[in-house]
Amino acid sequence: PDPITPPDQVFFEPFIGQTVTTPAGSFKFPSDGTIPSDYSMFQPRLGIAWDVNGDGSSVLRASGGLYFARTPQLNLASVRSTNGSRGQGLFGSSATIPFGLGPPAYGELLPDPTGGPFRPTVYVADEDFQNARTLTATASYERELGAGIAGAITYTFAKTDNLLRFLDRNDPAFGDPSCQSDCLGPFAEFNGFGSGSNGIGQLWTLTSDAKSRYHGFTVSLKRTTSPNAQFQINYTLSFDKSDDDNERDPFTLRYADITNLDAEYNWSDRDQRHRVNAFALFRLPYDIMLNNRVSFYSAQPTSEICGANNEGTGIPVQDDPLGRNQGARICPNGTILKRNTLRRDNEFFSWDLRLSKIFPLGGQSGYVEAIVEVFNLFNTDNFKDPPFGGFLFNFDGTLQTGLGTPRQLQTGIKYVF
């Protein structure tokens with residue numbers, strides 16, 4: 001979509017195309033006031049299957065291609081609306097009385113704003129923004145092992161570039177690195193660094209400079225030709241790294257230090273070293289059908305707090321009593337622990353069963369099927385351990401916390417006519 005406010009009318013218009021020099025260096029304003037469209041999404045794919053022996057007993061498959069991801073519109077919503085012109089955040093405290101709004105009287109709201117906003121938080125899209133691009137390649141070998149059983153081994157590689165993330169391009173670290181308090185970023189004043197005039201507070205910039213790399217090895221066995229016993233089991237060993245993960249909320253800056261983004265490249269939030277999925281379907285005596293489904297996923301990573309000895313403490317950053325989040329990874333000597341070095345307590349296991357029997361009604365009357373299902377047969381805790389402490393603006397799929405779904409049993413009757 002296009003921005004709501006034209007670039008020549010938006011609050012930050014004086015900065016567009018400008019470069020500001022500070023003691024930390026020269027910094028060009030990251031946006032031209034638009035949301036760039038990506039017109040270079042050429043997506044070729046190729047797949048090959050080879051019957052090795054010419055009799056269907058073994059098959060070699062290979063495929064590869066380029067895939068472009070859509071950009072979630074939630075990431076663009078603030079770019080369109082929170083631009084300093086259409087919306088602004090107001091904050092007042094006793095510390096802001098000299099240069100901004102003081103605290104309101106108890107029981108009252110802040111007064112209606114007059115004039116332009118004072119150093120508002122602004123969201124922009126980087127002028128070089130592109131949709132995420134993934135180059136993927138898969139190779140597999142499948143062979144008949146006898147008795148209707150086939151085995152396969154598969155390797156999958158995925159290389160993603162232009163992965164989106166938010167950066168604060170007005171971070172005080174880009175102003176005066178030696179500043180100890182009341183530090184300002186390069187775009188805090190319209191007339192240049194240190195002039196004392198109005199400008200921008202946080203400059204949330206939607207960039208596409210992150211990346212991820214995935215390697216997965218899958219071994220599978222299956223039997224799908226027997227009328228009385230069918231099964232399939234897949235085990236995947238995977239290694240998934242990235243320096244940001246956009247399968248999350250768009251309202252948090254996920255890095256520890258914007259001047260050292262190399263420390264962010266480590267295990268992805270998605271990374272699960274081991275995954276097992278299996279099903280087995282059996283025809284029992286009296287034509288009773290038994291369906292089994294088993295799922296196991298190993299734990300996902302989370303970041304840890306750096307301690308006084310400049311080493312990891314084993315405590316997740318979301319449990320930091322000071323509320324520093326990713327900043328808790330910064331050690332006293334200035335080094336930074338890599339992202340996602342711990343594992344969360346969210347290992348998952350579930351065994352589900354289904355028993356069913358069909359009772360024909362004769363002729364063209366159809367049939368009745370009686371069903372009994374049990375989910376999470378062993379009543380496994382399946383603890384949900386979210387990577388963040390708060391849930392108000394959490395969109396990464398971990399809105400639940402505590403124990404997972406307990407054992408459940410349900411029965412039913414289905415009439416087919």
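What follows is a walk through the packing, charge pairs, cavities and a few single residues of this predicted model.

The nonpolar packing is a handy place to start. In soluble globular proteins, nonpolar side chains tend to be buried together. Here the largest nonpolar core has 17 residues. Those touching the most other members are Phe12, Phe15, Phe29, Val122, Phe187, Ile200 and Leu203. Phe15 gives a feel for how this works: leaving aside residues up to four places away in sequence, Phe15 touches Val20, Phe29, Phe187, Glu189, Phe190 and Ile200. A second core, separate from that one, is made of 10 residues, including Ile35, Tyr123, Phe166 and Trp204.

Next come the charges. Side chains of opposite charge can pair when their charged atoms come close. The model holds 23 salt bridges, and a few of them are worth following through the chain.

Take Glu142 and Arg61, which form a salt bridge with their closest N and O atoms 2.9 Å apart. This pair links distant parts of the chain, with Glu142 sitting in strand 6 (residues 133-146) and Arg61 in strand 4 (residues 58-68), 81 residues apart. As for how open the site is, Arg61 has 36% relative accessibility and so counts as partly exposed.

Another salt bridge joins Glu189 and Arg119, at 2.5 Å from N to O. Glu189 is in the loop between strand 7 (149-168) and strand 8 (203-223), while Arg119 is in the loop between helix 1 (74-81) and strand 5 (122-125), so this pair ties together parts that lie 70 residues apart in sequence. The two partners can be set side by side: Glu189 counts as buried because its relative accessibility is 2%, whereas Arg119, at 23%, counts as partly exposed. Glu189 has already come up above, as one of the residues touched by Phe15.

A third example pairs Arg354 with Glu373, again through their side chains, with 2.9 Å from N to O. Arg354 belongs to strand 17 (residues 348-360) and Glu373 to strand 18 (residues 367-375), so the bridge ties together parts that are 19 residues apart in sequence. Arg354 is partly exposed, with a relative accessible area of 26%, and Glu373 is buried, with a relative accessible area of 13%.

Some salt bridges also join up into a network. One such network links Asp240, Asp245, Arg254, Asp269, Arg270 and Arg339.

Then there is the empty space inside. Rolling a probe the size of a water molecule over the atoms shows where empty space is left. In this model, 5 cavities of 30 Å³ or more turn up, and the largest of them holds about 80 Å³ of space. Its lining is made of 13 residues, with Pro3, Phe12, Gly33, Val79 and Tyr123 lying nearest the centre. Two of those names are familiar by now: Phe12 from the largest nonpolar core, and Tyr123 from the second core. Strand 5 supplies the largest share of this lining, with 3 residues. Sorted by class, the lining has 8 nonpolar and 5 polar residues, and no charged ones.

The backbone has a couple of curiosities too. Asn162 has a positive phi, near 60°, in a residue other than glycine. Asn162 lies in strand 7 and counts as buried because its relative accessibility is 13%. Asn382 also has a positive phi, near 50°. Asn382 is placed in the loop between strand 18 and strand 19 (408-416), and at 9% relative accessibility Asn382 counts as buried.

Finally, two threonines show how positions along the chain relate to positions in space. Thr259 is found in the loop between strand 9 (229-242) and strand 10 (266-267). Thr259 and Phe174 are 85 residues apart along the chain, and their C-alpha atoms are separated by 8.3 Å. Contacts of Thr259, leaving out residues up to four places away in sequence, are with Ala173 and Phe174.

Thr5 lies in the segment before strand 1 (19-22). Thr5 is buried, with a relative accessible area of 10%. With residues up to four places away in sequence set aside, Thr5 touches Val10, Asn83, Ser85 and Arg86. Between Thr5 and Ala299, which are 294 residues apart along the chain, the C-alpha separation is 44 Å.

Conventions:
Residues numbered from 1 in each chain as written. Heavy atoms only, no water. Core = buried A, V, L, I, M, F, W, Y, C linked by side-chain atoms within 4.5 Å. Buried < 20%, exposed > 50% of the residue type's maximum accessible area, 1.4 Å probe, protein only. Contact = heavy atoms within 4.5 Å. Salt bridge = Lys/Arg side-chain N within 4 Å of Asp/Glu carboxyl O. Helix = DSSP H or I, 4+ residues; strand = E, 2+ residues; numbered from the N terminus. 1 Å grid on protein atoms, 1.4 Å probe; cavity = no way out; pocket = protein on both sides within 12 Å on 5 of 7 lines; lining within 4 Å. Points joined across faces, edges and corners; volume = space filled by probe spheres on them. Nonpolar A, V, L, I, M, F, W, Y, C, P; charged D, E, K, R; others polar.
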